[in-house]
Amino acid sequence: MAFYQSPMKISAFDAKFEAQKIAFAPISFQVARCLLKFGILEQIDTSAEQGCSLDDIEKKTELSQYAISVLIDMGLSMGLLWQKEDRYLLDKIGHFLVEDDMAKVNLNFVHDVCYQGMFELEASLVEGKPKGLKVFGDWNTIYPTLSELPGQVKKSWFEFDHYYSDHAFGQLLPLIFQAKPAHIVDVGGNTGKWALACTAYDSNVKVTIMDLPGQLKVALKNAEEKGVADRVSGFQCDLLKESQEFCPNGDLYWMSQFLDCFSKEQILSILTRTAQSMSANSELCILETYWDRQPFEAGAYCVNATSIYFTAMANGDSRMYHSKEMLTLISQAGLYVDEDIDEIGLGHTLLRCKRKPTQL
């Protein structure tokens, strides 16, 4: 990781401008979203080198010329557009807002899931609770109630979650099936996408999904619809209960984008109980995005920003971790990392773990 190791090379004048961008960031975000929502960026993109005038845009939107003009002017200041006489053309940043799937998924997640609740970030930091979650309901954490979120919020949450994990599946499946596991325990399996990917990859493997009742109901229904209900089963549990035992007899225990949902103390408890349920031949595979393992600074930025979602919206005490913190917890739980693989999918790291010999 070459970034964050030295002061930024930026003039005081430019740094002051960056500070103003931060001050107005919520406004900039909503302007960008509205330019997309009303199809203005897409229309300008389609016009290519010809560009669009305000009159052109007004004819194709439901907005007044006043509304269009205030969005366009701010779009110019944000570097989304540039102006050639009385016509507007898409600049590079605007291009990626229109064309880049990651930008779209992130933007929808921030707007639908996080934006309103972020007003409560200060209270969340002080109290250690996701105070922003109250915009959706009177809940302690977001996880047991994912299926109860408003439709668009739920859609954006799952699209965000699946976007990053799905990009890793192609690389992961051959790695996971190297040892030909007959029984995979998918810890925190959510909607069952990984379980279904495994059963499609290997016609003999059986998968047990450990999760909360609401998520299991969805996952098992999806398995039934895919015709693999005989190979996908559920293990209902609340992993935050110290007395909760893990599903036994797993050849491979799988945790994908899962441990970041918990505090360090909770992670240690979960890993310790996992180790206790593992045999000498079992392995635990942990897939996470660590901010210090990102190949590009943009990845570290997105990962660190996601930590703030956990603070204000999810549970108030988890985050996207530095890899050294996770490696320490793995060791404390009586496990060791047998293989460490970076740059899987969109900045994921796979840690293949086994029980320490002294723990057998």
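These exercises work through a predicted model of one protein chain.

**Exercise 1. The whole chain**

Task: Find how many helices and strands the chain has, and decide how compact the chain is for its length.

Solution:
- Step 1. Count the secondary structure: the chain has 14 helices and 9 strands.
- Step 2. Take the radius of gyration, which is 23 Å.
- Step 3. Set this beside the globule rule, which gives 21 Å for 360 residues.
- Step 4. The two values are close, so the chain is as compact as a globular protein of that length.
- Step 5. Add the outline: along the principal axes, the C-alpha atoms fill a box of roughly 75 × 50 × 40 Å.

**Exercise 2. Inside and surface**

Task: State what percentage of the residues is buried, and describe the contacts, surface and charges of the chain.

Solution:
- Step 1. A residue counts as buried under 20% relative accessible area. Of the 360 residues, 49% are buried.
- Step 2. Look at contacts between residues at least 6 apart in sequence. Of these, 66% join residues at least 24 apart.
- Step 3. Turn to the surface. The accessible area is about 18600 Å², and carbon and sulfur atoms account for 54% of it.
- Step 4. Place the charges. There are 33 positive and 48 negative ones, and their mean positions lie 3 Å apart.

**Exercise 3. The two sides of helix α6**

Task: Which residues of α6 are buried, and where do they lie around the helix axis?

Solution:
- Step 1. Helix α6 spans residues 92–99, and its buried residues are G94, L97 and V98.
- Step 2. Look down the axis of α6. The buried residues fall within an arc of 95 degrees, so they line one face of the helix.
- Step 3. Recall the general rule: an α-helix has 3.6 residues a turn, so residues three or four places apart point the same way.
- Step 4. Check the other side of α6: K92 and F96 are exposed there.
- Step 5. Find the cover. The buried residues of α6 are covered by elements including α2 (25–37), α3 (40–46), β2 (87–90) and α7 (101–114).

**Exercise 4. Two positive phi angles**

Task: Where are E85 and K180 found, and are they buried or exposed?

Solution:
- Step 1. Start from the general rule: most residues other than glycine have a negative phi.
- Step 2. Take E85. Its phi is positive, near 60 degrees. E85 sits in the loop between β1 (81–84) and β2.
- Step 3. E85 has a relative accessible area of 72%, so E85 is exposed.
- Step 4. Take K180. Its phi is also positive, near 50 degrees. The loop between α9 (151–176) and β3 (183–187) holds K180.
- Step 5. K180 has a relative accessible area of 67%, so K180 is exposed.

How values were computed:
Residues are numbered from 1 along each chain as its sequence is written. This is a predicted model: local features need pLDDT of at least 70, side-chain atom pairs count only at pLDDT 80 or more; totals for chains, interfaces and linings use all residues. Side-chain values use heavy atoms; hydrogens and water are left out. Buried means under 20% relative accessible area, exposed over 50%, partly exposed in between (1.4 Å probe, protein chains only). Helices (H or I, at least four residues) and strands (E, at least two) are DSSP runs, numbered from the N terminus. The arc is that of the directions from the helix axis to the C-beta atoms. Contact means heavy atoms within 4.5 Å. The radius of gyration is taken over C-alpha atoms; the globule rule is 2.2 Å times the number of residues to the power 0.38. Accessible areas come from the Shrake-Rupley method with a 1.4 Å probe; for residues, only the protein chains shown count as cover. Lys and Arg count as positive and Asp and Glu as negative; His and the chain ends are not counted. The place of a charge is taken as NZ of Lys, CZ of Arg, CG of Asp or CD of Glu.
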